[in-house]
Amino acid sequence: MNWRRLSIVPYRVRLLLRAAFVFLMAATVGLALSVLQQEKQLSYKNYEGSFQKTRVQVAATLRHPTGQLALLNPQPAASGGVLHPLLLPFAALDFDDLQKVQQAVAMSGCQAQYGNNGSLCVGIGNNPWAGGFIYVAGSFDSAPLVPHVRGDQIVDKAHRVRVKVALRGQTYEWIAPFEESSEPQTPGRRYGGMRGRLTGFTAADVARGKAPVVKDFRGWIWQSPRCNRADLADDDASCARSAFFSLRLPIAVLQDALFEQRRPEWPPADLDRINVSIAVLAPGDGAPLLDSGTGPAAPPFSLSDLKAMLLPGESLQIRRLSDGVALPELVAPIDPEDQSWHFVTALIRRLPVDAYDVPLSAREVIVTPVGSYEVLLKGDVRSVSKSLSVVASRLVWFVGAMLAALMLAWLVIEIGIIRRIKVLIKRADDVGERVKAAHGFSEADLADLRGQDELGVLATALHDLLRRVREDVERENIRAEQERNMWHAVGHEIMSPLQSLMVLHGAPEDQSHRYISRMQQAIRVLYGRASPSEAFQSSELQIAEIDLAAFLHNVAANASCVGIENVVFHGAADAVSARADEYSLEDVVTHVLRNAQRYRKPDTPIDITLDAGDTGAVISIHNQGPPIAPDMLDKIFEYGVSDQPESGAEGNRGQGLFVARTYMAKMGGTIVAQNRTGGVSFILSLQRGA
């Protein structure tokens, strides 16, 4: 028994199959990792772009007056009802021009919102030589303003603003009633509503009933002529209108401090300890229209508001270049990592991408009126891994399902197919061993492998195939035996008459002598052989140098003797030497001429041409007729191939072109068929002689 076939070959196939499944699993995992790596690279590029946008946005915000206000006032806003002046990014406020002061307050973002429509901004200029003033600007809603009559010591019958400032152990308190302006409006300052001054009085003097006007206290108030409600007319006295006011408060302590030193300290170091309280009162003792003591609903813009611009994990560090003082660092929070997918996030972090490990940072210098600030923005790529973990978690389920499907498919193939195929191989090997031992054919017992599944159908088909092969082998043996007997009889019956004919036509100049010699050679080849195909292939030829030109001229001249008319040889009279067996070559040409005779058009010639080269000679035999099917150009030279259904009855056994190709091969030449224009050409190639 062939143990090598039973053990090594099946093992090799099974190993290849298992390796294929391992490679598929590895490819699935590799594909998932490749997708994650590409997604990580793309996410990192997107994050770099977002980081640069954040840098530009933060820098633009800090260069804006709103951002500069936050830089100049890094301390957090006070809670409760106490206001602290903010260092404004302007030298001073043009408090008596409505448009300018509104624009400056809006651009700086110093307004704190109170209620729906109330706002307050308290600040000082960034230039000490503009005077030690505190500026106050705000807005509120009120019915039409009631003015104060000049010279009247009673101020609670008009709309008024009460201001209180406490610093360095001193307290300043003013009451500023509204006095309507009688000055005509200039074209550049035209305002359609009520407007007037806020005249400042010291609160203590007002209480005593004799209050002089504070000259350095300046203030204005403007009220819109339009009603805030769309369902009421503008002239309705009960409708509230929007009013805006601005104040300049003289603070003597700050003014005196400007001249105490050669270079005054500005802004004041105790700016965050200066407490300012403001209330806008209506006539009478009613509730204030605007009161800073209620606390702001929305504080002014601060550095902490920049945190909303940062991406998760990014940090913003601001440092004052003049003294190197660092402001509180801002760090954007990052969502906590889901512990169930911690290994996925760890895997994502290990995937290599270009420049992923290089820290992202950007530096900007912001110039303000009181100094320059260095802004350092640092990125955090952990957010990239966090965002990818969502995609990776979905991909894990997909990869897991793919691996499970591959494992299930491998188990099905291994248990349900490979093992049964191994049994089938063993049975087939047993058949081969019995054939070698008995020099015959025997069927394999495949009854136990038959079934309704694929392998059962295969076993049934193999059983039927082996049965048909056995029957075909038996029929072929019978046919070969009959053929050998027939050729033995034919050879025996023909050989004796040929001996007599050879005696009658023994002269070399007799034309019949040539054809009798050819017949004797053919009989010697066939006589005593197993079959015609075996006889032709095992025959030995006498190779010699012959003159192809004279040979072909003779063949064309004597073709009519074998019933082939109108054969024309086109060739030079010069001798062309080639290596061939003259009788066998004549058989080849005769077989081709008979084939051309069978298919040529009536009354058309068969043309034979000869082309000689340095190393070879080419004989072309052309007839006019139908072309050969392309798929038959090679098959027509096989033994027993014929396109005539009754070829056997007519004596055409399909072996003429087979004999021609066999003889040409033994002479070291070739023969091919080609479809040419109007017909078919057979090309015979031979080697030139010495």
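## Worked exercises on a predicted chain

In this predicted model, Ser584, Leu585, Asp587, Val588, His591, Val592 and Asn595 of helix α12 meet Gly656, Leu657, Val659, Ala660, Tyr663 and Met664 of helix α13.

**Exercise 1.** Describe how helices α12 and α13 pack, giving the angle and how far apart their axes are, and state whether their crossing is left-handed or right-handed.

*Solution.* Begin by locating the two helices, of which α12 covers residues 582-599 and α13 covers residues 656-666. Next take the geometry of the pair: the angle is about 145 degrees, and the axes lie 9 Å apart. The last step is the handedness, and the crossing of α12 and α13 turns out to be left-handed. The residues that meet across this pair include Val588 and His591 on the α12 side and Ala660 and Tyr663 on the α13 side.

**Exercise 2.** Which residues does Thr670 touch, once residues up to four places away in sequence are not counted, and is Thr670 buried or exposed, or partly exposed?

*Solution.* First place the residue: Thr670 belongs to strand β22, which comprises residues 670-676. With residues up to four places away in sequence left out, Thr670 touches Met664, Ile683, Leu684 and Ser685. One of these, Met664, is also among the α13 residues that meet α12. For Ser685, the separation from Thr670 is 15 residues in sequence, while the C-alpha to C-alpha separation in space is 5.2 Å. Finally, the relative accessibility of Thr670 is 45%, and therefore Thr670 counts as partly exposed, given that this class lies between 20% and 50%.

**Exercise 3.** Which salt bridges does Glu374 form with Arg319 and with Arg363, and which strands hold the partners?

*Solution.* Start with Arg319, whose salt bridge with Glu374 has its closest N and O atoms 2.9 Å apart. This pair links distant parts of the chain, since Arg319 sits in strand β13 (residues 315-320) and Glu374 in strand β16 (residues 371-378), 55 residues apart. The two partners fall into separate burial classes: Arg319, at 30% relative accessibility, counts as partly exposed, whereas Glu374, at 15%, counts as buried because its value is under 20%.

Then turn to Arg363, which also forms a salt bridge with Glu374, here with the closest N and O atoms 2.3 Å apart. Arg363 lies in strand β15 and Glu374 in strand β16, so this pair ties together parts that are 11 residues apart in sequence. A further network, joined by salt bridges that share partners, consists of Arg55, Arg63 and Glu364. A search of the whole structure finds eight salt bridges.

**Exercise 4.** How far apart are the closest N and O atoms in the salt bridge between Asp94 and Lys100, and which accessibility class holds Asp94 and Lys100?

*Solution.* The closest N and O atoms of Asp94 and Lys100 are 3.6 Å apart, and the pair qualifies because the cut-off for a salt bridge is 4 Å. Asp94 has a relative accessible area of 32% and is partly exposed. Lys100, with 49%, is partly exposed as well.

**Exercise 5.** Where do Arg168 and Asn566 lie, and what are their phi values?

*Solution.* Arg168 lies in the loop between β5 (160-167) and β6 (170-180), and its phi is near 50 degrees, which is positive in a residue other than glycine. Asn566 lies in the loop between α11 (548-558) and β18 (567-570), and although it is not a glycine, its phi is positive at about 60 degrees. Their relative accessible areas complete the description: Arg168 is partly exposed at 44%, and Asn566 is partly exposed at 39%.

**Exercise 6.** How many residues of helix α2 are buried, and which residues form a nonpolar patch on the surface with Val367?

*Solution.* For the helix, which spans residues 65-72, eight of its eight residues are buried; among them are Pro65, Gln68 and Leu72. For the patch, Val367 is joined by Leu321 and Val365, and together they have about 220 Å² of accessible area. Val367 is in strand β15 (residues 361-368) and counts as exposed because its relative accessibility of 56% is over 50%.

**Exercise 7.** What share of the chain is buried, and what share of its contacts between residues at least 6 apart joins residues at least 24 apart?

*Solution.* Buried residues make up 40% of the 690 residues. Of the contacts between residues at least 6 apart in sequence, 68% join residues at least 24 apart. The chain, with 13 helices and 23 strands, exposes about 37,400 Å², of which carbon and sulfur atoms supply 55%.

Conventions:
Residues numbered from 1 in each chain as written. Predicted model: local features only at pLDDT ≥ 70, side-chain atom pairs only at ≥ 80, totals over all residues. Heavy atoms only, no water. Patch = residues over 30% accessible without salt bridge, like charges linked within 9 Å, V, L, I, M, F, W, Y side chains within 5 Å. Areas by Shrake-Rupley, 256 points an atom, 1.4 Å probe, with all protein chains shown as cover. Salt bridge = Lys/Arg side-chain N within 4 Å of Asp/Glu carboxyl O. Helix = DSSP H or I, 4+ residues; strand = E, 2+ residues; numbered from the N terminus. Buried < 20%, exposed > 50% of the residue type's maximum accessible area, 1.4 Å probe, protein only. Axes fitted to C-alpha atoms, helices over the stretch in contact; angles between N-to-C directions. Left-handed = near helix turned anticlockwise from the far one by under 90°. Contact = heavy atoms within 4.5 Å.
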